[in-house]
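Reader: I would like a close look at a single part of this model. Please give the cut-offs along with the counts.

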Amino acid sequence: MSTPRAEFEKMLVATIPHLRAFARSFTNDGARADDLVQETLVKAWNSMHSFTPGTNFRAWLFTILRNAYFSQHRKLRREVDDPHDVHTNSLAVRPEQYGHLDLIDFRAALGNLPPDQREALLLVGAEGFSYEEAAEICGCAVGTIKSRVNRARTRLSEVLDVAGASDYGTEPLMTGGSKARGAS
Amino acid sequence: MTTQKAGGGAGVQRPAGVDGGADGAPVDSLLQSSLGRKLRDSYQEVVNEEVPEKFLALLDQLKKKEVGSGDDQP
């Protein structure tokens with residue numbers, strides 16, 4: 001049995017804002033994120049019958065979006081270096097942004113996380129998926145999601161703690177994403 | 001006696017269910033809960049954005065296409 005068409009459409013429309021937010025975590029480019037959402041909507045519409053009523057619709061859509069992103073990503077990588085991804089990875093943390101707007105600091109720190117950790121953290125911490133659901137969306141073990149979320153949390157608290165301390169001038173600014181490591 | 005105002009930390013309470021240092025780490029859990037709030041806030045900001053027309057137009061298009069090709073019309 002499948003979901004009636006009108007019902008399916010209603011659920012789809014209701015999920016668009018969440019798909020856009022999730023897509024934005026893959027690319028910093030808003031237009032490209034929206035393209036990804038559109039592709040997701042088409043794919044979801046065409047595979048309407050493969051959705052099992054009573055299961056988590058949002059999780060189903062997120063899985064489609066994620067797969068769409070990764071197949072596109074592989075294609076792009078094969079062709080040329082994708083400038084948008086470079087942009088995403090080097091998501092600029094300008095020193096003057098530190099200590100001013102909380103959310104800007106936060107987003108910069110989030111942008112500097114390894115993508116798999118950022119994704120796990122957003123799914124669990126922002127979207128409210130259970131670890132099990134997040135694991136299903138990402139196609140990995142529950143334990144993997146848990147450890148990604150923990151590592152993301154730890155990393156963010158370290159970075160933001162340092163950024164917070166720098167407001168009082170007691171700590172030197174940490175340069176975002178620096179690969180420089182001491183010997184110890 | 002130095003009456004020092006606690007820097008915003010009056011009555012620090014550890015939110016239930018936040019893992020971390022068992023007893024002695026209120027600062028850490030405070031940080032964790034503020035982290036969780038920021039995470040939800042920054043995400044919610046995008047969720048709350050108005051959905052551009054193009055998405056609804058796309059769905060209309062998909063519906064029409066299906067009616068045009070999929071239905072068995074006698």
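Author: What follows is about the contact surfaces, then one loop residue.

This is a predicted model, in which local features need pLDDT of at least 70 and side-chain atom pairs count only at pLDDT 80 or more, while totals for chains, interfaces and linings use all residues. Residues are numbered from 1 along each chain as its sequence is written, and chains are lettered from A and ligands numbered from 1 in the order in which they are written.

Between the chains, the contact (C-beta atoms, placed from the backbone, within 7 Å) takes 27 residues from chain A and 18 residues from chain B. On the side of chain B that touches chain A, α1 (26–47) and α2 (53–69) of chain B each supply at least two residues; helices here are DSSP runs of H or I with at least four residues, numbered from the N terminus. Of these elements, α1(B) gives the most, with twelve residues. By class, that side of chain B has eleven nonpolar, three polar and four charged residues; Ala, Val, Leu, Ile, Met, Phe, Trp, Tyr, Cys and Pro count as nonpolar, Asp, Glu, Lys and Arg as charged, and the others, Gly among them, as polar.

Within chain A, an automatic or database assignment sets the domain bounds: domain 1 covers 1–90 and domain 2 covers 94–173. Their contact takes seven residues from domain 1 of chain A and eight residues from domain 2 of chain A.

A:T27 sits in the loop between α1 (5–24) and α2 (30–46) of chain A. A:T27 counts as buried because it has 21 C-beta neighbours inside 10 Å, where 20 or more are required.

Methods:
Two residues are in contact if their C-beta atoms, placed from the backbone, lie within 7 Å. A residue is buried if 20 or more other C-beta atoms lie within 10 Å of its own, exposed if 12 or fewer, and partly exposed in between; C-beta atoms are placed from the backbone.
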